[in-house]
Structure formats: structure tokens, C-alpha cells
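Colleague: Please take a close look at the aromatic rings in this model. Which rings pair up, and how are they placed?

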Amino acid sequence: MTLVAGVDSSTQSCKLVICDADSGEVVRSAGAPHPAGTEVHPDRWWDALRTAISAVGGLDDVDAVSVAGQQHGMICLDESGTVVRDALLWNDTRSASAAADLIDDLGGPQKWAETVGVVPVASITAAKLRWLADNEPHNADATAVVCLPHDWLTWRLSESTDISTLTTDRSDASGTGYFSAARDEYRPDLLGLALRGRTPLLPEVIEPSGVAARTPGGVALGAGLGDNAAAAFGLQAGPGDAIVSLGTSGVVSAVTDVAPCDPSGIVAGFADATGRQLPLVCTLNGAPVLSATATMLDVDLDEFARLAMSTPAGSNGLTLIPYLAGERSPNLPDATGTLCGITTANFTPSSVARAAVEGLLCSLVWCREQIEEQGVDVERILMVGGGTKSTAVRAVAPTVFGGAVSLPADGEWVALGAARQAAWALTGRRPSWPVDVEELSGHTRPEVYATYRDVVARSTR
């Protein structure tokens, strides 16, 4: 049996799966936590990966590894390869004003959309680099190369100390703000714009099936990929499919050949793991909306779901705008959540629980709409992520997403996508692994989403 490994280095943890390269069957798996916060030293991710490798029994019998990572994280290295400062993660919003400045510097959002398919927001790497240049110029001066989490972890696995050997892939590069997914090319001028004239090295972008390097033991290292592209690849999503991910964030992405150009900045022109496009809308608020509401109600998640399902659609007139951590889509980094329509009759635990579920899911329906407005056809919704474990989410999702949602079997789809890429790099053939899917259906409730849209419009004027 030929074995390959896939790594999911996410915001919260490192997960590692080892699979049969032919069938995709998971042979063994392990994980390790990451520290909390929006600013983390990359060594902590390396520590977690090493812990996971040890817990899974090592990689001595593995022939190839690929790493999927959280996107946008700013890792700055000096000429010796030493980390200059803690990495700023995607959910660090201190760079919001820097993003606004960058937009103006290039001539407005339309120019950004046309140039790289991405309009800077606080999450995008380019905005974080502008913040660095303006607030820590000594660290900007010391930066010899800028890379992303999966780039750095792949490099560490190779045990290289030469920063010129860093590599990346188009899916992760497309989230930086200085790479065009439509044209498959870096824009060094935009890197220089972000860093106020500084132009450090960037990792080489290699093909999706390429071998980035090898470990000292000879294990092939795949190109790696961004976590959203990895999930889509693990699910073997194709044109017409949209992936709705309910993790720390809420993400909707769609596999297509259409490169978006959205000057509003809502739809980011990202790349997928195969050579296609992956237009994507990301919110800052995902499954934590559910856990925060459950904590406020002083119930566990099972009781929270029971409460939500004991209330009819529409939450008896309550609507939650789930901007509990600010918001990325729409770009409102200083926003707060809002519970609207409160009366003495509906201000109950069950109505609040239902409003949290509906508000979160409606925010993702809105994301899907934004992608479709870019000319992308969405025929099937694939819903993944920790939030789908909620029975309330499973019941409500089809009602707001048009009557049907496909729920893949519980699995580490980001890590599996990385493992599938590793098998591709090893054999030169893109493997076809089975994906078990449960079809969820429900009576459509368009009025729930219509009310949500109306409340958001009134509350964000």
C-alpha cells in the first residue's frame, strides 16, 4: 500500500491524515492545537505539526506530503530565514485602515478588481504588509521574503535554510492581493505599493501537481494549497458546485472557469487547486456565533439545537445580524452584532437560538448571491465544517438555501484535499477518491432570508 499524508494547519489546530494513495482510505490520523489569538509565532504551528507527526506514528512509511494552510497569514523572514515578527492572521483587523489606504493608492476598488481580482480588506496579506510598513518600518526593512503559512511549513519540512527555495501554489497566492488568479502571475508593483517601495522575495508559484521539494528522507512535498481550495479539492467539487464552510469563519466558494471582477470587494478572485477559479466570499463569523449564543443562554450545543428547533421558521420575528467579531463581508471591521425585532412575546431562549441559526445561515446565503451575481452558476450546495454537526443547522440550511443541501460525510476535508494533492504529486495522476454525501431537504422559506436582507439593509445604512 502506497501512503500519502495531508496536513490541515488551520486557525485553531493542526490535523494530519495518512491515506492510501489509491483509494483515499484514511489509515491513521492525529492532531494538535494551535494557540488562540490573531497574532501567532509560526514556530507554534511547526510545534503542532511535529506533535501531530509524532502522534500519528511518524512519516517513515509515507511517500508524499502536502500542506494546506489558513490563508492570508503574513509571515516575514529575514535573509537567514528567521521569522521577523509574529504572523498576523487572516482574522486580525488592525490593518483595516491600511487596506483603505491601499485601495486609494492604486486608484480605487475597480482598479484592484481589474488588476488582481481582489480588493484589499483587513484580512488580505497586502493590507497587513502596508500596516507593517507604516507601524513597524524596522521590521519591514528586515523582511527579505514574505510567505504564507503553508509555504513556510512546506519549507520547514524540507529542512532548507535558503529562502530562495520557498514555494507556494496559485490558490494561496491568489489571496495575497499581489497575485492575479485570472492571469496566473505575481504583481511585484503591488507588493512594492503595499510595503512602500520595498520588494522582498516571494515564493515561487509551482503547478498544482508539482513537487515543491523533498524531505531529507526523500519524501515528496506537494505544492500545498490554501485551506478553501483544499476543501474543494478534497470534496472533488467541480463547476456548478458551491462549498459552504462553517468553521471559525463562514466561507462560500464556487468552482468555475469564470474569473470574477467585483469592485465591491465582496467576491475575491481566488484560484482553486486544479487550474480553475474559486471565487470566494468569507465572513469573520462562522460557527462561533452558535457557541457564543449557547454560552449566553447557559446551555450546551445539543440543548441549543433543541431550543432552536422548538421555534418556528422566522424565530417569532427575531432576526440576528451575526457580526459578533466585526465583519469582513460586507467590509465592516468595527461592526457589532444586532438582535432585531425584540418583543416581550418573542424574547425567549428558543427564539434567540433559532435567530442565531437563521442569521448565520442567511449571512451565507447572501455570500452565495454575491458569487452568482458575478456570472457563476451554482447548482449544488456542499456544506462542511464543524458547524454542520448541529442538528439545527442541518434542519434549517435546506430551508434557506433553496430546499436542498448536500452534506458530505464527516471528514477532515481540508487535510484530505492536501492528501489527494500529495497523491497527485507522487504519481502524476489526479486520483479519484469516493465522497459519501447525504442529501438534506426541507420546505423552502424565502421569507426568512428576505427579512434578514431587509434588516441588514436598515441596520447598516
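Modeller: A term up front: buried means under 20% relative accessible area, exposed over 50%, and partly exposed in between, with a 1.4 Å probe and protein chains only. This is a predicted model, where local features need pLDDT of at least 70, side-chain atom pairs count only at pLDDT 80 or more, and totals for chains, interfaces and linings use all residues. Residues are numbered from 1 along each chain as its sequence is written, and side-chain values use heavy atoms, without hydrogens and water.

Now the rings. Searching the whole structure gives four aromatic pairs. Rings of Phe, Tyr and Trp (its six-membered ring) pair if their centres lie within 6.5 Å; planes under 30 degrees apart are stacked, over 60 edge-to-face, the rest tilted.

Take Phe 233 and Trp 424. Their planes meet at 25° and their centres are 5.7 Å apart, so this pair is stacked. Phe 233 belongs to helix H9 (residues 227-234) and Trp 424 to helix H14 (residues 413-427), so the pair ties together parts 191 residues apart in sequence. Helices here are DSSP runs (H or I, at least four residues), numbered from the N terminus. Both residues, Phe 233 and Trp 424, are buried.

Tyr 449 and Tyr 452 are stacked too, because their planes are at 20° with centres 6.4 Å apart. They sit three residues apart in helix H15 (residues 446-459), about one helical turn. Tyr 449 has 9% relative accessibility, so it counts as buried. Tyr 452, at 4%, is also buried.

Elsewhere, Tyr 178, Phe 179 and Tyr 186 make up one aromatic cluster.

Conventions. Helix = DSSP H or I, 4+ residues; strand = E, 2+ residues; numbered from the N terminus.
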